[in-house]
Amino acid sequence: MLRSTASLLSRSGVARCVVRSSSSAFISSSSSVATTRQVSAMQNSFVRSMNSASTIIEDDGSDYGFGESIPEQEIPEEFIEEGEETIGEWTGCTRKFLAPISVSSRGSEILNNPLFSKMTAFKGGERDRLRFRGLLPPRRVNMKIQKERVLQEIRAETSMIRKHIILEDVHDRNETLYHRVLVDHMEEMAPIIYTPTVGQACKEFAMRYRRPRGMYFCEEDRGHMAAMVYNWPEKDVHVIVVTDGSRILGLGDLGANGMGIPIGKLSLYCAAGGIAPHRVMPVVLDVGTDNEELLNDKFYLGVQKPRLQGAQYYHLVDEFIQAVRHRWPNVLIQFEDFSSDKAQRLLNKYRDDILCFNDDIQGTGATTLAGILGALRAKGELPTSLGDQRILIAGAGSAGIGVAQVLYQAMLEHGRSEKEAKDCFFIADEKGLLGTERLGQLSPEQAMFARDVDGGLSLNEIVNKYKPTMILGMTAVGGLFSEQLIRDMGKHCERPIIFPLSNPTTKAECSAEQAFEWTEGRAIFASGSPFDPVHMKDGRTFYPTQCNNMFVFPGIGLGVTLCGAKTVSDRMLYVAAEALANYLTEDELAQGKVFPNLSTIRDVSKKVAIAVIEEAIRTDQAPRLDEKALSNLDAFVEKKMYDPVYVPLIEKRSISI
């Protein structure tokens with residue numbers, strides 16, 4: 001009898017497949033050059049091509065499904081890995097299967113929807129299928145060419161705000177392309193979409209307003225918020241970033257103009273953390289503004305009334321929280337840029353009951369802890385030596401106290417007593433070192449770090465008396481760290497850790513060049529805003545890294561939303577910081593870096609997410625994970641991360657009989 005055969009030689013424990021017509025075929029365990037999915041695909045392909053021969057699959061008891069030995073044949077590489085096309089409209093693209101997205105809109109509606117629009121990359125079949133042939137120029141280009149055009153336009157500009165506008169124009173037209181540009185060029189794009197440029201973008205928000213993005217809730221909406229949230233078109237929101245615009249970076253009260261912050265943060269959630277853009281929602285709680293300039297600005301788009309205070313304020317926030325959690329019970333709410341008098345209170349009220357965290361308090365704290373652990377590695381010290389440091393924090397607002405709280409918890413984690421940990425801190429505000437004589441004027445969180453003696457000492461006096469090993473700046477007072485202060489730090493400590501963390505760049509307490517120059521290159525430096533490499537006169541070059549919360553919050557958000565955590569615990573913040581610190585390589589440390597390269601941010605976020613999920617599992621906060629996910633968290637998280645590529649679109653149609 002005539003037999004036609006096809007075999008797959010297995011090399012990795014998958015299977016050998018032999019297909020025969022009018023006889024038998026057998027799949028036996030062996031090794032393979034192809035994956036299980038590839039083997040299955042080729043099986044199906046062979047079977048379809050031989051239907052007329054009545055192909056069957058059975059076991060006749062022999063190794064290959066036959067009585068005799070059949071020569072093994074390697075499957076050609078092109079059968080296994082499908083490359084990119086080189087001609088026609090598919091040039092630079094792949095025809096590999098991608099699960100399509102069903103959309104209810106069609107025609108120009110799709111072209112005007114940034115979540116679905118591919119602009120000129122729509123193929124001919126899609127233009128016909130979705131009914132907009134003729135509405136686009138005839139040439140079809142791929143994402144690679146689209147990205148090159150965007151990059152060329154951005155790089156031709158010298159103004160950072162102009163670069164920001166170009167990128168946001170892409171964001172408004174084509175979110176897939178926008179996030180592809182960010183993912184592939186994060187180091188170049190991060191300063192454009194976020195600090196330091198986002199500060200100026202917020203100040204000019206009203207003048208540059210182009211299209212709706214995000215949601216606004218104000219006093220007029222009281223009693224309607226439960227219904228309002230259903231105006232948001234997406235059904236599956238995972239992350240909300242919300243601000244009341246009261247303390248935007250170091251710029252103060254920008255009111256509704258602060259919307260630029262949630263938009264920028266969520267761009268990082270998508271590009272760095274792998275949260276899909278249809279699963280995020282930026283929000284401004286417009287409770288008014290106390291900024292006189294905005295109150296009298298005819299172009300300002302927010303509520304032109306003084307800020308709500310007291311019960312009115314907190315009742316509005318609470319209605320918002322209840323409304324979004326009613327529609328999306330598992331959503332993560334990230335509080336962003338709330339003034340110090342409100343931020344800690346809101347965090348204390350909600351942190352133990354709902355999935356939320358404050359990035360300025362907890363995110364900054366975790367990121368700074370990671371930087372300090374990296375700095376200790378650079379000094380040749382163990383992480384547990386954190387409790388041996390003398391830490392001077394300039395700034396006693398929500399960020400400064402938040403950092404102190406996270407460092408304090410880390411010391412307890414390392415086995416230090418509460419008294420030993422508290423004695424490491426020297427926190428100063430505009431009135432000097434926090435002391436117990438001011439307890440009546442301090443918040444409970446500030447009072448925890450008040451010292452019994454020497455209250456009111458200036459920064460210089462603290463440095464000369466207590467000889468701190470590190471100084472952290474969170475004051476938004478540009479140039480606060482004077483030459484004398486830094487030189488005195490270097491006099492008392494061989495390798496002082498200097499972190500001026502205020503944003504934007506104009507608010508930094510000192511520059512990288514100043515820190516290295518005033519310590520003869522001995523400083524270990526990180527900053528809130530980016531600085532260029534520093535070239536010393538002796539030929540050494542230092543590469544300052546940015547202590548940016550984007551190293552931590554996207555991974556935390558990805559982790560807690562994937563596992564279904566109910567709260568963000570203090571220990572989740574600690575393990576996130578630890579994962580980030582451990583990602584740093586010896587080569588990066590040798591270059592003076594205490595944070596990884598931004599080009600690795602996706603992998604950093606994955607490692608942070610895994611660490612957070614493992615902590616959630618330990619505390620029984622991971623109800624969404626099944627046995628398959630638990631068996632390989634790395635693969636599970638990788639698979640769940642959003643990858644900005646074009647996928648086929650099909651029109652959602654209802655059939656009535």
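The largest cavity encloses about 340 Å³ of space, and the structure holds 3 cavities of 30 Å³ or more. This is a predicted model, in which local features need pLDDT of at least 70, side-chain atom pairs count only at pLDDT 80 or more, and totals for chains, interfaces and linings use all residues. Residues are numbered from 1 along each chain as its sequence is written, and side-chain values use heavy atoms, with hydrogens and water left out.

Rolling a probe the size of a water molecule over the atoms shows where empty space is left. Here a cavity is a set of points, on a 1 Å grid over the protein atoms alone, where a 1.4 Å probe fits but cannot get out, and lining residues have an atom within 4 Å of a point. Grid points are joined across faces, edges and corners, and a volume is the space filled by probe spheres set on the points.

Which residues sit closest to the centre of the largest cavity? They are His164, Glu168, Phe205, Arg208 and Ile263, out of 21 that line the cavity. By class, the lining has 10 nonpolar, 3 polar and 8 charged residues. For these classes, Ala, Val, Leu, Ile, Met, Phe, Trp, Tyr, Cys and Pro count as nonpolar, Asp, Glu, Lys and Arg as charged, and the others, Gly among them, as polar. Helix H6 (160-173) gives the largest share of the lining, 6 residues. Helices H6, H9 (197-203) and H11 (260-273) each supply at least two lining residues. Helices (H or I, at least four residues) and strands (E, at least two) are DSSP runs, numbered from the N terminus.

Now to the sheets. One is an open sheet of 5 strands, ordered S4-S6-S5-S7-S8, with parallel pairing. Two strands pair if DSSP finds at least two bridges between them. Strands S4 (215-218) and S8 (356-358) are at the edges with a single partner strand each, so one side of each has no neighbour in the sheet. From one strand to the next, the twist averages 20°. Within this sheet, Ile240 has Met281 in S6 as its bridge partner.

The other sheet described here is also open, with 7 strands in the order S11-S10-S9-S12-S13-S14-S17 and mixed pairing. Its edge strands, S11 (432-433) and S17 (545-546), each pair on one side only. In S13, Pro500 is the bridge partner of Gly473. Two parallel pairs, one from each sheet, are set out below.

| Strand | Partner strand | Bridges |
|---|---|---|
| S5 (residues 239-243) | S6 (residues 280-286) | 5 bridges |
| S12 (residues 470-473) | S13 (residues 497-500) | 4 bridges |

Helix H15 (residues 359-378) packs on the 5-strand sheet, where H15 touches S7 (332-335) and S8 and makes about 75° with the direction of S8. H15 also lies across S12, S13 and S14 (524-527), running at about 155° to S13. Helix H16 (residues 398-413) lies across S9 (391-394), S10 (425-429) and S12, at about 175° to S10. Contact means heavy atoms within 4.5 Å. Axes are lines fitted to C-alpha atoms, for helices over the stretch in contact, and angles run from 0 to 180 degrees between N-to-C directions.

How do two neighbouring helices meet? Helix H19 (residues 459-466) and helix H20 (residues 483-492) pack at an angle of about 10°, their axes 10 Å apart. That makes H19 roughly parallel to H20, a label for angles under 35 degrees. On the H19 side, the contact is made by Leu459, Asn460, Val463 and Asn464, and on the H20 side by Gln484, Leu485, Asp488, Met489 and His492. These contact residues divide into 4 nonpolar, 4 polar and 1 charged.

Some loops are worth a look too. A cis peptide bond, with omega about 10°, joins Thr195 and Pro196; Pro196 is in the loop between H8 (186-193) and H9. Another cis peptide bond joins Asn503 and Pro504, with omega about -10°, and Pro504 lies in the loop between S13 and H21 (512-518). Lys467, a residue other than glycine, has a positive phi near 50°, and Lys467 is in the loop between H19 and S12.

Finally, Val453 lies in the loop between H18 (444-447) and H19. Leaving aside residues up to four places away in sequence, Val453 touches Leu433 and Tyr466. Val453 and Gly435 are 18 residues apart in sequence, and their C-alpha atoms are 6.6 Å apart in space.

Note on methods
On a 1 Å grid over the protein atoms alone, a cavity is a set of points where a 1.4 Å probe fits but cannot get out, and a pocket is an open set with protein on both sides within 12 Å along at least five of seven lines; lining residues have an atom within 4 Å of a point. Angles under 35 degrees count as roughly parallel, over 145 as roughly antiparallel, 65 to 115 as roughly perpendicular and the rest as oblique.
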